[in-house]
Amino acid sequence: MTVSHAPNRPRFRAVAFDLLTALIDSWSLWIDVAGNDALGRAWRRNSLRRVTTAGTYRSYEDIVDEAAAEVGVSSAQAGELLGRWAAGELRPWPEAPGVLAELAASRWPTIVVTNCSQRLAEAAASATGHRFHAIVSAERAGDYKIEPRAYQAGLAALDDMAPSEVLFVAGSPHDVPGAGAVGMPVYWSNRFADEVLRGAPAPLMNEPNLLKLPALLSGGPS
């Protein structure tokens, strides 16, 4: 995997995270509810495609149900997924709590910008054990990522910091061009070794997980 490094360590004032792929292993719950690895992944990918092309926010719960029907998952299973998610059954990636604890110790302001409803965003964020400065869901922003307004809502939650001052930690491929288009540098936690989408700005770092993030931010907020 190609990793790009700036010649001089950049300085930022805050960190914005994708939640459901960068910090949370959301895939495992979808697979468990579907009862089949391939079916669960197809359902999750279908949902991702739908939200990243939705633009203006509409019910995330409805989108999950629609994606389920398209791939052959029942509406009852879609309801089970949403219920278990809201009840706190999502889990972070193994290194995520430790990385977030390091950032908290260095007093980094952190937010999440995520493609779901506010209630589900708050449930997923709580699973990390970290206290974020703000949780900005697509419902709160009024748009789904990759629309610029979704990322701009995150910047507004940070008192309108300049985009170049906020590092965006991406999990899914769409966040690389999405955050980059509004001027946010991107650290890509690229667990599935995806390719950078054509025409997207290159991420500052393209890594298989979050483990190199603390070193990038070791100087503390500027």
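**Covered core, cavity and pocket**

Modeller: The largest cavity is lined by Asp 18, Leu 20, Thr 21, Arg 44, Ser 47, Leu 48, Val 51, Tyr 60, Asn 115, Lys 145, Ser 172 and His 174. Keep in mind that this is a predicted model.

Colleague: What makes the largest cavity a cavity and not a pocket?

Modeller: In a cavity a 1.4 Å probe fits but cannot get out, whereas a pocket is an open set of points. The volume of the largest cavity is about 90 Å³. The structure has 2 cavities of 30 Å³ or more.

Colleague: Which helix gives the most to the lining of the largest cavity?

Modeller: Helix 2 does, with 4 residues.

Colleague: How many of the residues in that lining are charged?

Modeller: The lining of the largest cavity has 3 charged residues, next to 5 polar and 4 nonpolar ones. Asp, Glu, Lys and Arg count as charged, so Asp 18, Arg 44 and Lys 145 fall in that class.

Colleague: Now the largest pocket. What is its volume?

Modeller: The largest pocket holds about 310 Å³ of space. It is lined by 14 residues, and the closest to its centre are Trp 27, Arg 45, Leu 48, Pro 173 and Asp 194. Helix 2 again gives the most to the lining, here with 5 residues. By class, the pocket lining has 5 nonpolar, 5 polar and 4 charged residues.

Colleague: Back to Thr 21 in the cavity lining. Why is Thr 21 called buried?

Modeller: Its relative accessibility is 3%. Buried means under 20%, so Thr 21 qualifies. Thr 21 sits in the loop between strand 1 (14-17) and helix 1 (26-34).

Colleague: Which residues does Thr 21 touch, leaving out those up to four places away in sequence?

Modeller: Thr 21 touches Trp 27, Arg 44, Trp 93, Gly 171, Ser 172, Arg 191 and Phe 192.

Colleague: And Ala 193: is it buried or exposed?

Modeller: Ala 193 is exposed: its relative accessible area is 51%, and exposed means over 50%. Ala 193 lies in the loop between strand 5 and strand 6 (205-207). Its C-alpha atom is 20 Å from that of Ser 47, a residue 146 places away along the chain.

Colleague: What makes helix 1 mostly covered?

Modeller: Of its 9 residues, 7 are buried. They are Ser 26, Trp 27, Leu 29, Trp 30, Ile 31, Val 33 and Ala 34.

Colleague: What do the buried residues of helix 1 pack against?

Modeller: They pack against helix 2 (37-52), helix 3 (60-71) and helix 4 (75-86). Just after helix 1, Gly 35 has a positive phi of about 80°.

Colleague: How many residues of strand 4 are buried?

Modeller: In strand 4 (residues 166-170), 5 of 5 are buried. Val 166, Phe 168 and Ala 170 point one way, Leu 167 and Val 169 the other. That fits the general pattern: in a regular strand the side chains alternate between the two faces of the sheet.

Colleague: How do you know that strand 4 pairs with strand 1 and with strand 5?

Modeller: Pairing needs at least two bridges. Strand 1 and strand 4 have 4 bridges and run parallel. Phe 168 in strand 4 is the bridge partner of Ala 16. Strand 4 and strand 5 (residues 186-189) have 3 bridges, also in the parallel sense. There, Val 169 has Tyr 187 as its bridge partner.

Colleague: Which helix does the chain cross through from strand 4 to strand 5?

Modeller: The chain crosses through helix 9 (residues 175-181), and this β-α-β crossover is right-handed.

Definitions and conventions. Residues are numbered from 1 along each chain as its sequence is written. This is a predicted model: local features need pLDDT of at least 70, side-chain atom pairs count only at pLDDT 80 or more; totals for chains, interfaces and linings use all residues. Side-chain values use heavy atoms; hydrogens and water are left out. Helices (H or I, at least four residues) and strands (E, at least two) are DSSP runs, numbered from the N terminus. Buried means under 20% relative accessible area, exposed over 50%, partly exposed in between (1.4 Å probe, protein chains only). Contact means heavy atoms within 4.5 Å. On a 1 Å grid over the protein atoms alone, a cavity is a set of points where a 1.4 Å probe fits but cannot get out, and a pocket is an open set with protein on both sides within 12 Å along at least five of seven lines; lining residues have an atom within 4 Å of a point. Grid points are joined across faces, edges and corners, and a volume is the space filled by probe spheres set on the points. A crossover is right-handed if, with the strands pointing away from the viewer, the path from the first strand over the helix to the second runs clockwise.
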